[in-house]
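Take a walk through this fold, from its sheet to its core and then to a few individual side chains. Keep the viewer open as you read.

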Amino acid sequence: MSTFVLVPGAWHGGWVFDPVTPFLESSGHTVHALTLTGLRPDDDAATVASANLDTHADDVLALLDRTGITDATLVGHSYGGLVIAAAADRAGGRVSRVVHLDAYVPDDGDSCWSSTSEAYRQAFVAGAVDTGYSVRPPERDGRDARRRPHPLASLLQTVRLTGEFAKVPRREFVYCSGWEGTPFTDLRNRLEADPEWQVHVLPTGHNAMYEDPKAAAKLLND
């Protein structure tokens, strides 16, 4: 059985994986769904303002330390793909599988800002005008009241990868094909040509965890 660490994308918390978790647990897996620093309901403005990509990678590593996990499957959705890449690179071999669920797969020096589309960059700028340090959730991505403003620094900071991420034995990318404006098409094409990556396709919108949790869980179970 596997131990899953589920990392949400921007504006969301661990709750976004609630529809998938019961399917994984019923198969005997252990599941930890993280809410990253700055996205928790009780986080104050100073916490949000200071949170960056390193902070979020450290959230994952702290969970591994706290629970003694030595054979983790990290699943990152959207922005969470950068988080799991950074965490896996620093985990000292404690990650055996990464699954980028319609998520960014960075090279060293990439950021969410540099990896995403111009439309999302414009949304980041527009969403940050209120505070200058956090980005409002875009209306087009849904209206779940649990969404929180996302720390701007985490979207801008470049990831530092030493090469350890590339040594994770099993690396997978899930392309959700059923939504317009996806920034992941070129990434899918690149990874399909890379023998070190396994690429899957789900015919859902970006939030496959909500739209088809059974199919998403089945893919993670495979």
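Is Cys-176 buried or exposed? Cys-176 is buried, with a relative accessible area of 0%. The model is a predicted one, so each value here is computed from predicted coordinates.

Stay with the cysteines for a moment. A search of the whole structure finds zero disulfides. Cys-112 is in no disulfide, and the nearest cysteine sulfur, that of Cys-176, is 16 Å away. A disulfide needs the two sulfur atoms within 2.5 Å. Cys-176 is likewise in no disulfide, with the sulfur of Cys-112 as its nearest. Cys-112 counts as buried, at 2% relative accessibility.

Now the sheet. Six strands form an open sheet with parallel pairing, in the order β2-β1-β3-β4-β7-β8. Strands β2 (30-33) and β8 sit at the edges, and each pairs on one side only. From one strand to the next, the twist averages 20°.

Look at β1, residues 3-7. Five bridges join β1 to the parallel strand β3, residues 72-77. One register marker there is Val-7, whose bridge partner in β3 is Gly-76. Four bridges join β1 to β2, and these strands also run parallel. Here Phe-4 has Val-31 of β2 as its bridge partner. Strand β1 is mostly covered, with four of its five residues buried.

Helices lie across this sheet. Helix α3 (residues 53-67) lies across β1, β2, β3 and β4. Its direction is at about 155° to β1. Helix α10 (residues 213-221) lies across β1, β3, β4, β7 (170-176) and β8. Its angle to β8 is about 165°.

What about helix α4? The largest nonpolar core has 67 residues. Helix α4 (residues 80-90) supplies the largest share of this core, seven residues. Ten of the eleven residues of α4 are buried, so the helix is largely enclosed by the rest of the structure. Among the buried ones are Gly-80, Leu-82, Ile-84, Ala-87 and Asp-89. The buried residues of α4 pack against β1, α3, β3, β4 and α5 (112-115). After α4 comes Gly-92, whose phi is positive, near 65°.

Within the core, Val-5, Leu-74, Tyr-79 and Phe-165 touch the most other members. Tyr-79 is a good residue to select. Leaving out residues up to four places away in sequence, Tyr-79 touches Pro-8, Gly-9, Ala-10, Leu-36, Asn-52, Leu-53, His-56, Tyr-104, Cys-112, His-150, Ser-154 and Leu-155. The buried cysteine Cys-112 is one of these partners.

Move along to strand β4, residues 95-101, where Val-95 lies. Val-95 is buried, with a relative accessible area of 6%. Beyond its neighbours within four places in sequence, Val-95 is in contact with Leu-64, Ala-72, Leu-74, Ala-88, Val-168 and Pro-169. Leu-74 is also among the core residues that touch the most other members. The C-alpha atoms of Val-95 and Arg-170 are separated by 9.2 Å, although their positions lie 75 residues apart along the chain.

Two loop residues deserve a look. Where does His-206 lie? His-206 is in the loop between β8 (198-202) and α9 (208-211). The residue is buried, with a relative accessible area of 13%. Its side chain makes a polar contact of 2.7 Å with the side chain of Asp-102. Outside its four nearest places in sequence, His-206 touches His-77, Ser-78, Asp-102, Cys-176, Trp-179, Phe-184 and Glu-211. That list brings back Cys-176 from the opening question.

The other loop residue is Thr-116, between α5 and α6 (118-127). Thr-116 counts as buried, at 7% relative accessibility. A polar contact of 2.6 Å joins the side chains of Thr-116 and Tyr-104. Setting aside neighbours within four places in sequence, Thr-116 is in contact with Tyr-104, Arg-121, Phe-124 and Pro-183. Select Tyr-104 as well, since Tyr-79 touches it too.

Key
Residues are numbered from 1 along each chain as its sequence is written. This is a predicted model: local features need pLDDT of at least 70, side-chain atom pairs count only at pLDDT 80 or more; totals for chains, interfaces and linings use all residues. Side-chain values use heavy atoms; hydrogens and water are left out. Buried means under 20% relative accessible area, exposed over 50%, partly exposed in between (1.4 Å probe, protein chains only). Contact means heavy atoms within 4.5 Å. A polar contact is a pair of N or O atoms within 3.5 Å; within protein, one must be able to donate a hydrogen and the other to accept it, and residues adjacent in sequence count only if both atoms are side-chain atoms. Two strands pair if DSSP finds at least two bridges between them. Axes are lines fitted to C-alpha atoms, for helices over the stretch in contact, and angles run from 0 to 180 degrees between N-to-C directions. A nonpolar core is a set of buried Ala, Val, Leu, Ile, Met, Phe, Trp, Tyr and Cys residues joined through side-chain atoms within 4.5 Å.
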